[in-house]
Amino acid sequence: MSGSLRLVLGDQLTPNLSALRGLDPARDWVVMAEVAAETRYVPHHPKKIAFFLSAMRHFAEDLRARGIRVFYIALDDPNPCDTLADAVARAQAQLKPDQLIVTEPGEWRLWDAMQRWQDDLGLPVELRPDDQFLCSRAEFAAWAEGRKSLRMEFFYRDMRRRTGILLTAGGKPEGEAWNFDAENRGSLSQDIPAPPLFRVVPDGITQDVLALVEARFTNHFGDLAGFDYGVTAEEAEAAFEHFCRHALPNFGAYQDAMRQDSSPNGTPDGGDVLFHARIALYLNIGLLDPKAVCARVEAEYRAGRVPLNAAEGFIRQILGWREYVRGLYWLHMPGYAEVNFFNAERPLPGFYWSAATEMNCLRQVIDQTKRTAYAHHIQRLMITGNFALLIGARPAEVAEWYLAVYADAVEWVELPNVVGMALFADGGVMATKPYAASGAYIDKMSNYCDRCRFDVAKKNGPKACPFNYLYWNFLSEHREKLGRNPRLAMPYRTFDKLTEERRAAILDDSRRFLKTLETQP
Ligand code: FAD
Ligand code: DLZ
Ligand code: SF4
């Protein structure tokens, strides 16, 4: 063969992939491989593994249907491959290509390994940029150059200006404001039903994958039963369509709300997703295109079908946050994986892997994660993230948990959200202050506290909500690092007004509580 090999990774499942450009079906081959190293480098949730493998198999079928030859190694191949490099080496030995063409991977770990492939394989390797984003790595680096602080809000405004999304004909932001965040904090009353959940019934290919995952990975945290994700571009599009019709109009208002159990007429698990889209997993592996998603949401607004706070709020997540965290990741790797601003060294409590805790908010979110491999943003940030921050859990361990348990977790998006947003472990590169909160916030935004053995109104003592004293303990412990932060001036003033007895009780309760974490399995 005197053609090229085109490697397609498990999170690169789009026909628009740069590595597929210029492919000659008569001379070139696509290589895809399900490999042990990628399925085990963290203990991925079984639903996440099933999602990736089934989507890969469907994508390979699509390519074949278009006359493209695919060299595919399955995990249950009689002669399986351990790593992606092994898979490429096998394809090279059999097909004798004169070149390997790859789109840069989403994770630094693999990008770093690929730098050695040309020498190791003795084959020219062309690494092409991944242009499935609205902002390239080079454009983000240019934006960041010389700036003292890299706030998402300013990046987002630049992206709006650059793309023209949600601008008036005169180039001003629609509605005369860049964001409507203040209108995104509605608490959700029980009588507002959650929209029906979009579900896909597994086809034959997915059923084969489910059997394989069942046989090999059910020792990982997470339930495989009830797998209902889409695994093709058409199904991902249908999921997004469903969201636009049923949930987008309320996305803005209830973006920060959390709810246990279903609402009247809702499906039993309607509370898991509420008015969120559940599309990050599709966006992150190429089944949905972020530009098309933003364009569609803008069109819904312009057609008068959704209010501006919903359309803007949603577009901000994709055009703003998603692009921004990717830019930060590549700007700061590999060091970003090591940051630990608070020198937090506590092991992650065992109940993150079992949901066996009496704190109802944590139990609900971890149990939901176990069932579905999904939790929405506020659950990730203000329940599991907030708790890990307050107890001083080791950032690398927390990051590994998030990378393992969510179906949408790929490191470029997971890591900045964990170490930058949830844990403030980067010392403020991403956030202006830690997202630390006491039980009052959780009570305001959810109904979790109604069914908890702890009392959210109690500040101290064995019945008191642990978030209450842990919050003050956290601020007290890190005063040296946080005390001069102007955004924390008010909480520190409040803390200083507490009586000596109250401050001593906070420290005592926190010490006692943290001790119990050490003895839990
Ligand atoms: P929606 O709420 O419907 O939002 C729409 C889309 O906006 C999402 O699909 C996503 O693509 C994008 N988005 C929203 N918030 C963010 C954000 N902060 N960063 C990047 N994109 C965003 N997102 C991932 O895709 N993968 C992860 O591994 C991941 N880990 C996270 C870990 C923590 C600690 C936190 C706080 C957030 C994390 N996020 C992650 C961001 C966000 O929580 C998820 O994108 C979102 O919950 C996915 O659900 P959804 O599709 O229903 O999102
Ligand atoms: C997440 C994942 C899993 C579970 N399995 C595979 C696989 O078998 N083969 C593959 O090519 N990709 C897989 N992936 C996605 C990769 O981990 C992802 O492509 C890299 O981390 C780069 O982002
Ligand atoms: Fe969580 Fe505290 Fe509310 Fe219990 S009382 S659900 S621990 S916030």
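Me: Let's start with β1 and β4: how do these strands pair?

Reply: Two strands count as paired if DSSP finds at least two bridges between them. Strands themselves (E, at least two residues) and helices (H or I, at least four) are DSSP runs, numbered from the N terminus. Here, strand β1 (residues 4–7) pairs with β4 in the parallel sense, over four bridges, and L7 stands opposite V102 in β4. Keep in mind that this is a predicted model, where local features need pLDDT of at least 70, side-chain atom pairs count only at pLDDT 80 or more, and totals for chains, interfaces and linings use all residues. Residues are numbered from 1 along each chain as its sequence is written, chains are lettered from A and ligands numbered from 1 in the order in which they are written, and side-chain values use heavy atoms, leaving out hydrogens and water.

Me: What does β4 pair with besides β1, and which residues stand opposite each other?

Reply: Strand β5 (residues 125–128) pairs with β4, again in the parallel sense over four bridges. I101 stands opposite E126, and V102 is opposite L127.

Me: In what order do the strands of the sheet come?

Reply: Five strands make an open sheet, ordered β3-β2-β1-β4-β5, with parallel pairing. At the edges are β3 (70–73) and β5, each pairing on one side only. From one strand to the next, the twist averages 20 degrees.

Me: Why is β4 largely enclosed?

Reply: Check burial: buried means under 20% relative accessible area, exposed over 50%, partly exposed in between (1.4 Å probe, protein chains only). Four of the five residues of β4 (residues 99–103) are buried, so the rest of the structure largely encloses this strand.

Me: Where is the largest nonpolar core, and which helix gives the most to it?

Reply: A nonpolar core is a set of buried Ala, Val, Leu, Ile, Met, Phe, Trp, Tyr and Cys residues joined through side-chain atoms within 4.5 Å. The largest has 164 residues, and M32, I279, Y282, F314, L362 and F387 have the most contacts inside it. Helix α14 (residues 308–332) gives the most, with 11 residues. A second, separate core has 22 residues, including V31, C81, L84 and L123.

Me: Which residues surround ligand 3?

Reply: Look for residues with a heavy atom within 4 Å of the molecule. Around ligand 3 they include M359, C361, Y448 and F467. The shell divides into 10 nonpolar residues, one polar and no charged. Ala, Val, Leu, Ile, Met, Phe, Trp, Tyr, Cys and Pro count as nonpolar, Asp, Glu, Lys and Arg as charged, and the others, Gly among them, as polar.

Technical notes:
Axes fitted to C-alpha atoms, helices over the stretch in contact; angles between N-to-C directions.
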